[in-house]
Amino acid sequence: MLVLDTDHLVEFDEASDAGARLKERLLAVEEEIAATIISVEEQFRGWVAQIHRLHADPHAQIPAYARLKRRLEFYAGWNVLPWDAGSARSFVNFRRQGLRIGSMDLKIACIALAHDAMLLTRNATDFGQVPGLRIESWLD
């Protein structure tokens, strides 16, 4: 299984050269492809925060709500892996071991580990600290 980190998901959805190359590579593999509920949360928080900042002008919110709707439609077509008890246990264990990476990144890593998946990410610095996690960047 291949799990896309948020950075890969954003490129996948955009019309960038890197996104086009990523789509091409993903179409060529026979592995299952997934996102995590953590990436969904990260992106939704961003759009909701933007909508909230524009609360004084309902007309200014229209494009932000349109982008939020587009995100919903985007993720509707994806296998979104859950945050579950096994992932939470791994998270707690890594924190007890003193692993110091951001909580959201560690949650994504724990979900990928729970599914024995390769995580596609540009963030090798942080994710590279997670024992047993296989990572690659398909954007470079």
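These are my notebook entries on one predicted model.

**Entry 1. Overall layout**

I began with the chain as a whole. I count seven helices and five strands. Reading along the sequence, I get the pattern β-α-α-β-α-α-β-α-α-β-α-β. The C-alpha trace spans about 50 × 35 × 25 Å along its principal axes. Of the 140 residues in the chain, 39% are buried. I also looked up contacts with a separation of 6 or more. Residues 24 or more positions apart account for 64% of these.

**Entry 2. The sheet**

In what order do the strands of the open sheet lie? I read β3-β2-β1-β4-β5, with parallel pairing. The edge strands are β3 (80-81) and β5 (134-136), and each of them pairs on one side only. In general, strands of a sheet pair through backbone hydrogen bonds, either parallel or antiparallel.

I then checked one pair. Strand β1 (residues 2-4) and strand β2 (residues 33-36) run parallel and are joined by two bridges. Val-3 has Ala-34 of β2 as its bridge partner.

Next I looked at helices against the sheet. α1 lies across β1, β2, β4 (118-120) and β5. Its angle to β1 is about 80°. Helix α3 (residues 37-53) lies across β1, β2 and β3. I note about 55° between α3 and β2.

**Entry 3. Helix α1 and its partner α2**

Is α1 mostly covered or mostly open? Helix α1 (residues 6-13) is mostly covered, with six of its eight residues buried. The buried ones are Thr-6, His-8, Leu-9, Glu-11, Phe-12 and Asp-13.

I turned to helix α2 (residues 17-28). The axes of α1 and α2 come within 7 Å and cross at roughly 100°. The two helices are therefore roughly perpendicular. On the α1 side, His-8, Glu-11 and Phe-12 make the contact. On the α2 side, I find Ala-18, Gly-19, Leu-22, Lys-23 and Leu-26. By class, the residues of this contact are four nonpolar, two polar and two charged.

**Entry 4. The α3 and α6 pair**

I did the same for α3 and α6. Their axes are 9 Å apart, and the packing angle is about 150°. An angle over 145 degrees counts as roughly antiparallel, so α3 is roughly antiparallel to α6. From α3, the contact uses Ile-37, Ile-38, Ser-39, Glu-41 and Glu-42. From α6, it uses Met-104, Lys-107, Ile-108 and Ile-111. I sort this contact into five nonpolar, one polar and three charged residues.

**Entry 5. Nonpolar cores**

Which residues of the largest nonpolar core touch the most other members? This core has 20 residues. Leu-4, Leu-9, Leu-22, Leu-26, Tyr-75, Trp-78 and Leu-120 are the ones I was after. Elements giving two or more residues to this core are β1, α1, α2, α3, α4 (61-76) and β4. α4 gives the most, with four residues.

I noted a second, separate core of 19 residues. Among its members are Ile-38, Leu-81, Leu-99 and Cys-110. Ile-38 also appeared in Entry 4, on the α3 side of the contact with α6.

I went back to Leu-22, a residue of the largest core. What does Leu-22 contact, leaving aside its neighbours within four places in sequence? I find Leu-4, His-8, Phe-12, Trp-138 and Leu-139. His-8 and Phe-12 belong to the α1 side of the contact with α2.

**Entry 6. Two loop residues**

Where is Asp-116 placed? I find Asp-116 in the loop between α6 (103-114) and β4. Its phi is near 50°, a positive value in a residue other than glycine. Most residues other than glycine have a negative phi. Asp-116 has a relative accessible area of 57%. The cut-off for exposed is over 50%, so Asp-116 is exposed.

Gly-102 lies in the loop between α5 (85-96) and α6. Its relative accessibility is 36%, so I enter Gly-102 as partly exposed. I also checked Gly-102 against Ser-90. They are 12 residues apart in sequence, and their C-alpha atoms are 14 Å apart in space.

Conventions
Residues numbered from 1 in each chain as written. Predicted model: local features only at pLDDT ≥ 70, side-chain atom pairs only at ≥ 80, totals over all residues. Heavy atoms only, no water. Buried < 20%, exposed > 50% of the residue type's maximum accessible area, 1.4 Å probe, protein only. Axes fitted to C-alpha atoms, helices over the stretch in contact; angles between N-to-C directions. Parallel < 35°, antiparallel > 145°, perpendicular 65-115°, else oblique. Contact = heavy atoms within 4.5 Å. Nonpolar A, V, L, I, M, F, W, Y, C, P; charged D, E, K, R; others polar. Pairing = 2+ DSSP bridges. Core = buried A, V, L, I, M, F, W, Y, C linked by side-chain atoms within 4.5 Å.
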